[in-house]
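Me: I would like to go through one structure and ask how its labels are earned. Please show it first.
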Amino acid sequence: MTHAIDDGNARRNVWVLVAAQAILGAQMPMIFTIGGLAGQSLASNACLATLPISLIVLGSMLSATPNAAIMQRFGRQVGFFIGAGAGAVGGLVGAYGLYLGSFPVFLVGSFLTGIYMSAQGFYRFAAADTASDAFRAKAISYVMAGGLLAAVIGPQLVKATSDAFVIPFLGSYMAVIALNVIGAFLFLFLRIPKLPVPSEDAPRGRSRWQLLTTPRIAVAVICATVSYSLMNLVMTSTPLAVVGCGYGPGKAADVVSAHVLAMYVPSFFTGHLINRFGVERIMAAGLVILAGAGAVALNGVELENFFIALILLGVGWNFGFIGATTMLAGAHEPHERGRMQGLNDLIVFGGVTFASLASGGLMNCSGGSPVEGWTAVNLAMAPALVLAGGALLWLVFQPRREEEEA
């Protein structure tokens, strides 16, 4: 009841998923760059400016478990095709909302885009499905590296299309539709066998509660949630902060582009670092770097502060999230895959939903100026970093405590 381990086939799948991450994934930096700005122009209350981003993450959270179940039952390809279709429809509805000047319609499009975002989240798990233990961390890391091209393509498409029509950003949402339609064809080349239907006497695996109370799984989920949530918390407010501090939308796109590059460039060597130093050390390094990003952001609102803080934010996310994904992938059995991976992404994107909602409120409604809002956003990172750091330390000392008790 396990996938055939074939690193040759795993490498083929990695290349397909890298291309999907680059082409289909380009829509995410696009939408995260313009979603808040478009929301600000449509919403009647500035505190709701980042609500479109929050609806994307909410859609991702709510569709994570159904997506995992579909992939478990029908295979990865089916789930990925559904994701691309939802991304295209989300782009279409978002464009229609902009055309009408309707914030509610725009929010519906954002929610549908979240279904694509959820499917994209499973690319990293799909990379590990047919990989050996030795290749698993590298496979996950390489697929995440496909976001490097997305980091270039997405913001450049924003620059080329945001003013293509009289209605701002309408052209960008038309480009999102095209990316989904073109990128969907890539999944025809994916070769990941479906898991066989289990027999009645086959092992059912651990319950969700048993999985979550397994130490390595619990810590992996906590660190993945904190890494992704803090990245989203800060990135969602970045375009608003950059523009609010006197820089133009073009500069905001450049900062987001640098951030997304920093999210994915380390993926070329993150897997090697995990194999050499251990997953716990790389996750710890990610948390420290995230703290450094907050410190730089709090030190000033010059353009270089935005660039450096967002670059550190990207690197910290990469180490923390890829490390947590690698830890999780090695901590459950194949027949537990749909249950655990869906539960993981439900929790992760639940945290990200809360972070994106908090981001808009902190940025626009916690002070009298963009500088005060930006300060509040970055100060909010501290409690989550303490939680994740404490959980990781607990895991590291867990074997020692068990030895002392023995």
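Me: How many aromatic pairs does a search of the whole structure find?

Reply: The search finds 14 aromatic pairs. Rings of Phe, Tyr and Trp (its six-membered ring) pair if their centres lie within 6.5 Å; planes under 30 degrees apart count as stacked, over 60 as edge-to-face and the rest as tilted. This is a predicted model, in which local features need pLDDT of at least 70 and side-chain atom pairs count only at pLDDT 80 or more, while totals for chains, interfaces and linings use all residues. Residues are numbered from 1 along each chain as its sequence is written, and side-chain values use heavy atoms, with hydrogens and water left out.

Me: What makes Phe80 and Phe187 a tilted pair?

Reply: Their centres are 5.2 Å apart and the angle between the planes is 35°. A pair needs centres within 6.5 Å, and an angle that is neither under 30 nor over 60 degrees counts as tilted, so the label follows.

Me: Where in the chain do Phe80 and Phe187 lie?

Reply: Phe80 is in helix H4 (residues 76-100), and Phe187 is in the loop between helix H9 (170-184) and helix H10 (208-212), 107 residues apart. Helices here are DSSP runs (H or I, at least four residues), numbered from the N terminus.

Me: Why is Phe80 called buried?

Reply: Its relative accessible area is 1%. Buried means under 20%, exposed over 50% and partly exposed in between (1.4 Å probe, protein chains only), so Phe80 is buried. Phe187, at 0%, counts as buried too.

Me: Why is the pair of Phe306 and Trp374 called tilted?

Reply: The ring centres are 5.3 Å apart and the planes are at 45°, so the pair is tilted. Phe306 lies in helix H15 (residues 303-329) and Trp374 in helix H17 (residues 370-379), so the pair ties together parts 68 residues apart in sequence. Both Phe306 and Trp374 are buried.

Me: Why is Ala382 called partly exposed?

Reply: Ala382 has a relative accessible area of 42%, which falls between the two cut-offs, so Ala382 is partly exposed. Ala382 is found in helix H18 (residues 381-405).

Me: How do you know that the charged end of Arg11 sits over the ring of Phe135?

Reply: The distance from that charged end to the ring centre is 4.5 Å. A charge sits over a ring if NZ of Lys or CZ of Arg is within 6 Å of the ring centre and within 35 degrees of the ring normal. The distance satisfies the limit of 6 Å.

Key: Helices (H or I, at least four residues) and strands (E, at least two) are DSSP runs, numbered from the N terminus.
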